[in-house]
Amino acid sequence: NVQLTFSGTSTIGEMQLHSKQILDWDEKNDSHSHYEFFRAELGSAYNDSMNETLNRIMNFFEEIQGIPVLLSAMITVLSSRKRGEGLPCTRLELYKQILGVT
């Protein structure tokens, strides 16, 4: 962010620097749709506690990756969920969501 002051009046603005290589990569990989997906999925947590929410989700994925039954349950939940429904971050949340699917 940048603060500009002129004649006693201040305003804060955002400055963005764009790299052609990064912009080309973004366009090729459709990265904006990924950004929009996570923004929609995380809702208000996107700005409020995004890092904490993503860490909880990723830690839970790491926990269940070696347990075939839980991994299968997660795949079932993910393949049948509606956009905007929360991602399970604990075994209890996974169990509750899988019961709603079956």
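Buried residues have under 20% relative accessible area, exposed residues over 50%, and partly exposed residues lie in between (1.4 Å probe, protein chains only). The views show a predicted model, in which local features need pLDDT of at least 70 and side-chain atom pairs count only at pLDDT 80 or more, while totals for chains, interfaces and linings use all residues. Residues are numbered from 1 along each chain as its sequence is written, and side-chain values use heavy atoms, with hydrogens and water left out.

**View A. The hairpin of β1 and β2.** Strand β1 (residues 2-6) is hardly covered, with zero buried residues among its five; helices (H or I, at least four residues) and strands (E, at least two) are DSSP runs, numbered from the N terminus. It pairs with strand β2 (residues 9-13) in the antiparallel sense over five bridges, pairing being assigned if DSSP finds at least two bridges between two strands. Thr5 stands opposite Ser10 in β2, and Ser7 takes a positive phi near 50° in this hairpin, which has two residues between the strands.

**View B. The buried and exposed faces of helix α5.** Leu70, Ala73, Met74 and Val77 are buried in α5. They lie on the same side of α5, because they cover an arc of only 100° around the axis, the arc being that of the directions from the helix axis to the C-beta atoms. The face turned away from this buried side carries the exposed residues Pro68, Ile75 and Ser79.

**View C. Ser80 in helix α5.** Ser80 counts as partly exposed because its relative accessibility is 38%. Between the C-alpha atoms of Ser80 and Ile98, 18 residues apart in sequence, the distance is 9.6 Å.
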